[in-house]
Structure formats: C-alpha cells, structure tokens
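Work through the exercises below with the sequence and the 3D structure at hand. Try each task before reading its solution.

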Amino acid sequence: MKHKLYYLLFLVLVSLDQISKQIFMSSYDLGQSVAVNSYLSWTYLQNTGAAFSIMADGGFIQKTFLLSVSVLVSIWVIFWIQRTSSLYLQKLFGQFLLLSGAVGNLIDRAQFGFVVDFIDVHVNGFYWPVFNLADSFIFLGVMLLLFERKSTA
C-alpha cells in the first residue's frame with residue numbers, strides 16, 4: 001500500500017477525533033459550556049448542518065445530502081492521495097489531514113445524524129462558531145494544500 005505511514009497518521013487522527021467527541025458526549029450535557037480561560041471554553045453542541053451550521057434546519061433529505069457529500073469527498077481525496085508522489089510531503093500531509101477530518105465528521109453523521117462540536121474560541125466578545133478536532137484537521141489540511149511549496153527541481 002502506498003503512503004503507509006500517512007494512513008497510520010490518518011487512523012491516529014480519526015481516533016483522537018472520535019475519542020474527544022465521546023468524552024464530551026458522555027461528560028457534558030447538550031449546550032453545557034465550561035470556561036477553560038478567557039479565550040477558550042468547552043461547549044458541547046450537536047451540529048446537524050454543514051460548516052458553521054449551514055443547512056442545520058433541514059430534514060432527512062438534507063442529512064442524506066450531507067452524508068453523501070462527505071462520502072464522495074472522502075473517496076475523492078483517497079484517489080487524489082494515490083496519485084500523489086511521495087516526494088510531495090506537504091501536499092500528502094495536507095491531503096491526509098483533510099481526509100482525517102472528513103472521515104471524522106462522516107462517522108458522526110452516519111452514527112448520530114449530527115456532528116459533535118465542543119471547541120469554543122472567543123476573543124473580546126467575538127465568538128467563533130463551535131468546532132471539533134476534525135474541523136481543525138480540515139482547516140489545517142486546506143491551508144497546507146493552498147500554501148504548498150512549489151518544487152524547484
């Protein structure tokens with residue numbers, strides 16, 4: 001199998017994401033928020049929509065659509081990874097972060113019909129939408145891919 005170490009990283013990241021979500025689901029009441037410091041709180045929410053709760057009010061069709069998109073994106077990223085040379089470390093790392101986040105949230109959607117969110121960042125009264133580790137992996141993966149270093153060969 002091509003890129004074995006990256007697939008191991010993928011398994012570790014998805015496991016961390018799922019364990020963190022299980023901790024919040026079992027330890028917090030829905031909507032409960034605990035301040036960590038003046039910039040961070042743990043707030044347990046269930047996001048039935050896409051990023052930033054877009055389409056959160058939809059029903060079965062919307063949930064099926066989001067689940068289908070998650071599956072298709074994950075499959076597409078796997079094919080993209082398989083076509084990427086091992087020489088492109090930053091690109092591969094970004095792809096695997098993206099895949100890890102997509103699959104982490106896909107597992108939630110398939111299992112619960114919502115995504116578990118719990119990281120609540122706020123500064124001077126500005127509150128970023130609550131997110132999770134999988135969302136962080138997706139963001140970091142996209143950033144690595146956008147700012148991928150160009151080969152000078």
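**Exercise 1: Layout**

The chain contains 4 helices and 4 strands, where helices (H or I, at least four residues) and strands (E, at least two) are DSSP runs, numbered from the N terminus. This is a predicted model, in which local features need pLDDT of at least 70, side-chain atom pairs count only at pLDDT 80 or more, and totals for chains, interfaces and linings use all residues. Residues are numbered from 1 along each chain as its sequence is written, and side-chain values use heavy atoms, with hydrogens and water left out.

Task: state in which order helices and strands follow each other along the sequence.

Solution: reading along the sequence gives α-β-β-α-α-β-β-α.

**Exercise 2: Helix α3**

Task: compare the span of helix α3 with the expected one.

Solution:
1. Helix α3 covers residues 89-112, which is 24 residues.
2. The expected span is 1.5 Å times one less than the number of residues, here 34 Å.
3. From first C-alpha to last, α3 reaches 34 Å, close to that expectation.
4. Just after α3, G113 has a positive phi of about 85°.

**Exercise 3: The largest nonpolar core**

Task: find which helix supplies the largest share of the largest nonpolar core.

Solution:
1. A nonpolar core is a set of buried Ala, Val, Leu, Ile, Met, Phe, Trp, Tyr and Cys residues joined through side-chain atoms within 4.5 Å. Buried means under 20% relative accessible area, exposed over 50%, and partly exposed in between (1.4 Å probe, protein chains only).
2. The largest core has 12 residues, among them Y6, F10, I81, L92, F96 and L145.
3. Helices α1 (4-27), α2 (60-82) and α3 each supply at least two of its residues.
4. The largest share, 5 residues, comes from α3.

**Exercise 4: Charged residues**

Task: trace the network of salt bridges and say whether its residues are buried or exposed.

Solution:
1. A salt bridge is a side-chain nitrogen of Lys or Arg within 4 Å of a carboxyl oxygen of Asp or Glu. The structure holds 2 of them.
2. K21 pairs with D17, the closest N and O atoms being 2.9 Å apart. Both lie in helix α1, 4 residues apart, about one turn of the helix.
3. D108 also forms a salt bridge with K21, again with the closest N and O atoms 2.9 Å apart. Because D108 lies in helix α3 and K21 in helix α1, this pair ties together parts 87 residues apart in sequence.
4. D17, K21 and D108 are thus linked in a network.
5. K21 counts as buried at 1% relative accessibility, and D17 at 0%. D108 is buried as well.
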